[in-house]
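Q: Please take a close look at the aromatic residues of this chain. I should like to know how their rings are arranged and what surrounds them.

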Amino acid sequence: MLCALAASVAQAQTPTPTPAAPAAPVAPADVPPPPPMVVGSATPGPAAEQLIVTDTKIGTGKEATTGSTVYMHYSGWLYRPLAKGMHGKLFDSSIPRGEPLDFVLGAGRVIKGWDQGIQGMKVGGKRTLIIPSELAYGSRPTPGSGIPPNSALIFDVELMDVK
């Protein structure tokens with residue numbers, strides 16, 4: 001019995017060989033590679049299948065309602081859900097011109113996404129509008145605008161005044 005105990009102690013003190021590192025897992029041939037990641041993006045933004053309205057600052061002034069004339073500062077980009085802040089190429093902005101855009105809300109003088117997305121804003125408020133192609137320019141954007149056909153758009157807007 002003493003010999004068996006000595007043998008087990010000796011075996012416990014003998015170093016055991018370390019197994020070789022496992023080979024890197026091999027992806028099956030039928031699994032597609034992951035989509036490329038855009039630098040600056042952590043997760044993709046929402047699909048632009050419907051109008052998405054996000055208040056970034058709630059205004060305290062007069063409310064924008066159908067039939068009122070609104071004065072808006074805006075910047076518009078192509079919507080890119082994997083880009084930083086979901087903003088693709090800038091195609092237009094009122095800010096460098098220093099004059100807000102004015103229009104009668106609900107009269108159809110701007111894209112449908114604006115007529116719908118500006119409703120209920122109050123002066124001093126800021127919103128981000130993600131607008132699907134059907135509520136923007138669809139298959140017929142303005143020539144020379146830099147907007148490809150069937151593009152979703154993202155606008156950062158600020159309501160300056162309501163009359």
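A: The account below begins with the chain as a whole, turns to the aromatic rings, and ends with the surrounding core and the confidence of the model.

The model is a predicted one. The chain contains two helices and six strands, and their order along the sequence is α-β-β-β-β-α-β-β. Of its 163 residues, 31% are buried. Among contacts with a separation of 6 or more, 70% join residues that are 24 or more positions apart. The accessible surface amounts to about 10,600 Å², and carbon and sulfur atoms hold 60% of that area.

One aromatic cluster is formed by Tyr 74, Phe 91, Phe 103, Trp 114 and Phe 155. A ring pair is described by the distance of the centres and the angle of the planes. With ring centres required to lie within 6.5 Å, the count is five aromatic pairs. In the pair of Tyr 74 and Trp 114, the centres are 5.3 Å apart and the planes stand at 80°; because an angle over 60 degrees counts as edge-to-face, the pair falls in that class. This pair links distant parts of the chain, since Tyr 74 belongs to strand S2 (residues 69-79) and Trp 114 to helix H2 (residues 112-117), with their positions 40 residues apart. Tyr 74 has a relative accessibility of 7% and therefore counts as buried, the limit being under 20%. Trp 114 is likewise buried, with a relative accessible area of 3%.

Trp 114 also pairs with Phe 103: here the centres lie 5.8 Å apart and the planes meet at 50°, so the pair is tilted. Phe 103 is in strand S4 (residues 101-104) and Trp 114 in helix H2, so this pair ties together parts eleven residues apart in sequence. Both Phe 103 and Trp 114 are buried.

Next to Tyr 74 in the sequence is Ser 75, which also lies in strand S2. Ser 75 is buried at 9% relative accessibility. Its side chain makes a polar contact of 2.8 Å with the side chain of Ser 93. Beyond four places in sequence, the residues that Ser 75 touches include Leu 90, Asp 92, Ile 95, Ile 154 and Phe 155, and Phe 155 is one of the members of the aromatic cluster.

The nonpolar surroundings come next. In soluble globular proteins, nonpolar side chains tend to be buried together. The largest nonpolar core in this model has 24 residues, and those with the most contacts inside it are Met 72, Trp 114, Ile 118, Phe 155 and Val 157. Strands S2, S5 (126-131) and S6 (153-162) each give two or more residues to this core, and the largest share, five residues, comes from S6. Met 72 touches Phe 103 and Trp 114, and its further contacts beyond four places in sequence include Ile 118, Met 121 and Val 157. A second, separate core of five residues includes Trp 77, Tyr 79, Ala 152 and Ile 154.

Finally, confidence varies along the chain. The average pLDDT is 83, and 74% of the residues score at least 70. Over residues 1-12 pLDDT stays under 50, and the model has zero contacts beyond four places in sequence for them. Residues 34-41 also stay under 50, with six such contacts. Where pLDDT is low, the predicted coordinates should not be read in detail.

Technical notes
Residues numbered from 1 in each chain as written. Heavy atoms only, no water. Phe/Tyr/Trp six-rings, centres within 6.5 Å; stacked < 30°, edge-to-face > 60°. Helix = DSSP H or I, 4+ residues; strand = E, 2+ residues; numbered from the N terminus. Buried < 20%, exposed > 50% of the residue type's maximum accessible area, 1.4 Å probe, protein only. Polar contact = N/O pair within 3.5 Å; in protein donor to acceptor, adjacent residues only side chain to side chain. Contact = heavy atoms within 4.5 Å. Areas by Shrake-Rupley, 256 points an atom, 1.4 Å probe, with all protein chains shown as cover. Core = buried A, V, L, I, M, F, W, Y, C linked by side-chain atoms within 4.5 Å. pLDDT = per-residue confidence, 0-100.
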